[in-house]
Amino acid sequence: MLKLFDLILDYLFVPKCGGCGTRMDKTENGICKRCRNIYEDERAEYCEFCGMEAAICTCIPPNLLINGCFDYRKLFFYKSSDENTPMRRMIYGVKRGYNLALLKFFAKEMLDINKDDPFEDAIVTFSPRTKKAVKEYGYDQSKILAKWYAKYAGLHFENLIRRKRDRKRSEQKKLNYRQRVKNVKGAFEICNSDRVMGKTVVLIDDVVTSGATVGECVDLLYSVGAKNVICRSIAHTYRKNKRKND
């Protein structure tokens, strides 16, 4: 009877791959071997601007640059137009599916970018999700990423930024470049300004598109005395042949 119960538990709780949904071996971490290979291929794609692989590309979105962030890295370029691909399902697993194994996997991968720069005195924080999205999906994926990133790095995690309760704002994904910048202007405030003064802050987000949201957070952190703000994300949305106003 006990063996039967164990078999039932194994069947119910064996993890599924965040990329293809297949049942995985318990020793695998977030994604299966096949999807891991696909992920590695995505990391090896070249940036059209600098010609470097995505995993080592140091190109920075203008909205981060103008707000003083000179250190931004991502794991891969996310092609939001791709339909029903493992990479799209991974992003959806992070944003909507609360796939904790996948979130932990990406936190480790983001930390790998920093393996030569331990940032021993840094504070890890995150770009907060909208209250509407947190209510809809039940969690803030960037907060979870930041917590696990901090844990793996041996750094201190802290809630430094929160969204203001003011006017109703549109969803960023429905806006173009200029609208995104305007939409997040003044949308955030610092929770613990005394913790930021003179510190290096590692700011975590899941996917950066225009950089408007993260850039606003960077500007806010510098305004209360941060020494340096370093940005890390899972992906940077790749949009080829963007229109001038987008």
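**Figure 1. Ser-142 in helix α7 of the predicted model.** Ser-142 lies in α7, which covers residues 141-153. Its relative accessibility is 1%, so Ser-142 counts as buried; the cut-off for that class is under 20%. Neighbours within four places in sequence are set aside here. Beyond them, Ser-142 is in contact with Phe-126, Ser-127, Ile-204, Asp-205 and Asp-206. Of these contacts, Phe-126 belongs to strand β2 (residues 123-126). Ile-204 belongs to strand β6 (residues 200-208).

**Figure 2. The two faces of strand β2.** In a regular strand, side chains alternate between the two faces of the sheet. In β2, Ile-123 and Thr-125 point one way. Val-124 and Phe-126 point the other way. All four of these residues are buried.

**Figure 3. Strand β2 and its pairing partners β3 and β6.** β2 pairs with strand β3 (residues 156-157) in the parallel sense, over two bridges. Val-124 has Phe-157 as its bridge partner in β3. β2 also pairs with β6, again in the parallel sense, over four bridges. Here Val-124 stands opposite Val-202.

**Figure 4. The open five-stranded sheet.** The strand order is β1-β7-β6-β2-β3, and the pairing is parallel. β1 and β3 are the edge strands, each pairing on one side only. β6 and β7 run parallel and are joined by eight bridges. In this pairing, Ile-204 of β6 stands opposite Arg-232 of β7. Ile-204 is also among the contacts of Ser-142.

**Figure 5. Helix α5 and its cover.** α5 covers residues 100-113. At 1.5 Å a residue, its 14 residues should span 20 Å. The end C-alpha atoms are 20 Å apart, which agrees. The buried residues of α5 are Leu-102, Leu-103, Phe-105, Phe-106, Ala-107, Glu-109, Met-110 and Ile-113. Their cover includes the helices α2 (33-43), α4 (86-95) and α7. Strands β1, β6 and β7 (228-237) also contribute to that cover.

**Figure 6. Helix α9, largely enclosed by the rest of the structure.** α9 covers residues 212-223. Its 12 residues should span 16 Å at 1.5 Å a residue, and the end C-alpha atoms are 16 Å apart, which agrees. Nine of the 12 residues are buried, so the helix is largely enclosed. The buried residues are Ala-212, Thr-213, Val-214, Gly-215, Glu-216, Cys-217, Val-218, Leu-220 and Leu-221. Gly-225 follows α9, and its phi is positive, near 100°.

**Figure 7. A nonpolar surface patch around Ile-66.** Leu-65, Ile-66 and Phe-70 make this patch of about 360 Å². Ile-66 is found in the loop between α3 (62-65) and β1 (72-78). Its relative accessible area is 66%, so Ile-66 counts as exposed; that class begins over 50%.

**Figure 8. The whole protein chain, as context for the close-ups.** The chain holds nine helices and seven strands. Of its 246 residues, 46% count as buried. Among contacts with a separation of 6 or more, 71% are between residues 24 or more positions apart. The accessible surface comes to about 13,600 Å², and 52% of it belongs to carbon and sulfur atoms.

Key. Residues numbered from 1 in each chain as written. Predicted model: local features only at pLDDT ≥ 70, side-chain atom pairs only at ≥ 80, totals over all residues. Heavy atoms only, no water. Buried < 20%, exposed > 50% of the residue type's maximum accessible area, 1.4 Å probe, protein only. Contact = heavy atoms within 4.5 Å. Pairing = 2+ DSSP bridges. Patch = residues over 30% accessible without salt bridge, like charges linked within 9 Å, V, L, I, M, F, W, Y side chains within 5 Å. Areas by Shrake-Rupley, 256 points an atom, 1.4 Å probe, with all protein chains shown as cover. Salt bridge = Lys/Arg side-chain N within 4 Å of Asp/Glu carboxyl O. Expected span 1.5 Å × (residues − 1).
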